[in-house]
Amino acid sequence: MNIKDIAALAEIVKQNELTKLEINGENIVIERAAQVVQAAPILNAVQPAVPEQMHTTEPIAEVKEKEGIYVKSPAVGVFYAAPSPDSKPFVAVGDTVHKGDTLCIIEAMKLMNEINSEMDGEIAEICVGNGQVVEYDQPLFRII
């Protein structure tokens, strides 16, 4: 391996935000760790448990979205699955929802924004945890 090959590999690692590239003869190991973001403590909110580090060994080019429609966050804020800490969640996996049903609340700048379903269907996946900080356009639910 010459210096040009090493530089090309370094550029691939940088562009794809890889955390590990190991070459041992004909064996190549590539890993990319998911980013874990911890928010500052928020008063009166439940803080979710966040794993220290998540790894994926799937080939980058083969990651596919699952079947269904994703409901995405309209703003940066805190995801709340229920109207209050003592209440049951608005929805659970397997629940049938109708257009207009409340799915969750996103707290942004001390405003509580109800997120409603824009379609009829079944909750196939809840993509975030209660009290988790979400980004704009981050998937919250998958409806099939």
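Colleague: Where is D137 found in this predicted model?

Modeller: In this predicted model, the residue sits in a stretch that follows strand 10 (133-134) and leads to strand 11. D137 is therefore placed in the loop between strand 10 and strand 11.

Colleague: Is D137 buried, partly exposed or exposed?

Modeller: Phi of D137 is near 70°, a positive value in a residue other than glycine. For its surroundings, buried would need under 20% relative accessible area and exposed over 50%. D137 has a relative accessible area of 41%, so D137 is partly exposed.

Colleague: What is the phi of M109, and in which loop does M109 lie?

Modeller: M109 is exposed, with a relative accessible area of 80%, and M109 is a residue other than glycine with a positive phi, near 55°. M109 lies in the loop between strand 7 (102-108) and strand 8 (111-116).

Colleague: How are the rings of F79 and F141 arranged as a pair?

Modeller: A search of the whole structure finds one aromatic pair. The centres of the F79 and F141 rings are 5.9 Å apart, and pairing needs centres within 6.5 Å. Their planes stand at 50°, which is neither under 30 degrees, as for stacked, nor over 60, as for edge-to-face, so the pair is tilted.

Colleague: How many residues apart in sequence are the parts that this pair ties together?

Modeller: F79 is buried, at a relative accessible area of 2%, and F141 is buried, at 1%. Because F79 belongs to strand 5 (residues 77-80) and F141 to strand 11 (residues 139-143), the pair ties together parts whose separation in sequence is 62 residues.

Note on methods:
Residues numbered from 1 in each chain as written. Predicted model: local features only at pLDDT ≥ 70, side-chain atom pairs only at ≥ 80, totals over all residues. Heavy atoms only, no water. Phe/Tyr/Trp six-rings, centres within 6.5 Å; stacked < 30°, edge-to-face > 60°. Helix = DSSP H or I, 4+ residues; strand = E, 2+ residues; numbered from the N terminus. Buried < 20%, exposed > 50% of the residue type's maximum accessible area, 1.4 Å probe, protein only.
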